[in-house]
Amino acid sequence: MIFNSPGRSIFAILAVMMSETEARQKMEEILHDLWDRGHANTTGVSVSIRLDDGNILVDQTGAGFRKCRVAAGDFLIIDLNGNLVRPAPLIPQKLAPVNTGVHLAYYKNPLAQACIHAHAPYSQVFACRGETINPYTLQSQILGEVLCIHADDADLKKEYRERKPFIEVPSGLHARPDVWYVMQKVAELTAKALEPRNHEMEKHGLAITHYQHGIFVFGRNLDEAFDNLERVEANARTIIFSRMMGQI
Ligand SMILES: [Zn+2]
């Protein structure tokens with residue numbers, strides 16, 4: 001009996017039990033929820049899940065305008081290096097967004113099973129200010145500080161143009177070498193910033209923002225990642241409103 005397996009958390013068991021079909025349905029459902037809850041907009045959102053075989057199911061780039069209507073067949077499968085394993089059944093020519101590099105960097109922590117990236121409105125305020133989101137509401141205490149990765153998009157793209165390094169974008173990702181150059185840096189800094197807290201993923205997910213860009217939330221499953229995004233957004237909103245009432 002799988003449920004009697006010693007030393008395996010219920011989350012690990014649920015993750016192992018999720019088939020590709022279930023993962024596709026769950027991603028479709030969560031993308032609709034992200035849209036309905038106002039966490040996603042047409043400037044972009046991405047979601048990924050680690051499958052049983054270790055590969056990653058991820059949504060497509062350029063689909064920001066229709067995330068509210070995304071379907072289970074819109075997702076493609078890549079490996080942990082970002083290379084294409086299987087194209088999306090519905091639109092096979094579309095690849096994963098380059099920010100998926102940040103998802104992949106933190107999937108090196110085996111406890112991370114799902115990631116949501118969004119330009120969510122309240123955490124975005126802190127990301128634009130380059131400010132850590134400190135836990136303020138009771139419900140946000142479990143997640144602790146949400147740090148901001150200070151990797152300036154404009155500075156790094158300028159550096160890319162000046163240095164002209166050879167960049168090979170993995171085959172499963174949208175081929176934008178300059179954006180990949182930036183995202184590799186963000187991915188490296190994210191993994192480094194979260195590494196001292198990797199063990200916390202045994203009990204809950206983690207979140208981090210990228211300067212001026214958006215938030216990345218990791219979970220032991222996609223529902224947990226979504227819940228953590230809600231907690232961060234509610235906390236950020238409460239801090240903003242509290243500051244409007246006076247200093248905190
Ligand atoms: Zn983004």
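**Note on the sheet and its packing**

1. Ile149 stands opposite His210 in S7, and this position belongs to the pairing of S6 with strand S7 (residues 206–210), which is parallel and rests on two bridges. The model is a predicted one, and the points below should be read with that in mind.

2. Helix H6 (residues 177–194) packs on the sheet here, where it touches S6, S7 and strand S8 (214–219), and its direction makes about 140 degrees with that of S7.

3. His210 has a further partner, since on the S8 side it stands opposite Gly214. The strands S7 and S8 run antiparallel and are joined by five bridges; they form a hairpin with three residues between them, and in that turn Gln212 has a positive phi of about 65 degrees.

4. On the pairing of S8 with strand S5 (residues 114–118), the two strands run antiparallel and are again joined by five bridges, with Ile215 in S8 as the bridge partner of Ala118. Six of the six residues of S8 are buried, so this strand is largely enclosed by the rest of the structure.

5. Taken as a whole, the sheet is open and has eight strands with mixed pairing, in the order S4-S3-S2-S1-S5-S8-S7-S6. Its edge strands are strand S4 (84–86) and strand S6 (148–149), each of which pairs on one side only. As general background, the strands of a sheet pair through backbone hydrogen bonds, in either a parallel or an antiparallel sense.

6. A helix pair also deserves attention: helix H4 (residues 121–129) and helix H7 (residues 222–245) pack with their axes 7 Å apart and at an angle of about 65 degrees, which means that H4 is roughly perpendicular to H7. The crossing in which H4 passes H7 is left-handed. On the H4 side the residues that take part are Tyr122, Ser123, Val125 and Phe126, and they meet Val232, Glu233, Ala236, Arg237 and Ile240 in H7.

7. As to the overall fold, the secondary structure of the protein comes to seven helices and eight strands. The radius of gyration is 18 Å, close to the 18 Å that the globule rule gives for 248 residues, so the protein is as compact as a globular protein of that length. Along the principal axes, the C-alpha atoms fill a box of roughly 55 × 50 × 35 Å.

8. Buried residues make up 42% of the 248 residues, and of the contacts with a separation of 6 or more, 65% are accounted for by residues 24 or more positions apart.

Note on methods: Residues are numbered from 1 along each chain as its sequence is written. This is a predicted model: local features need pLDDT of at least 70, side-chain atom pairs count only at pLDDT 80 or more; totals for chains, interfaces and linings use all residues. Helices (H or I, at least four residues) and strands (E, at least two) are DSSP runs, numbered from the N terminus. The radius of gyration is taken over C-alpha atoms; the globule rule is 2.2 Å times the number of residues to the power 0.38. A residue is buried if 20 or more other C-beta atoms lie within 10 Å of its own, exposed if 12 or fewer, and partly exposed in between; C-beta atoms are placed from the backbone. Two residues are in contact if their C-beta atoms, placed from the backbone, lie within 7 Å. Two strands pair if DSSP finds at least two bridges between them. Axes are lines fitted to C-alpha atoms, for helices over the stretch in contact, and angles run from 0 to 180 degrees between N-to-C directions. Angles under 35 degrees count as roughly parallel, over 145 as roughly antiparallel, 65 to 115 as roughly perpendicular and the rest as oblique. A crossing is left-handed if the near helix is turned anticlockwise from the far one by less than a right angle, and right-handed if clockwise.
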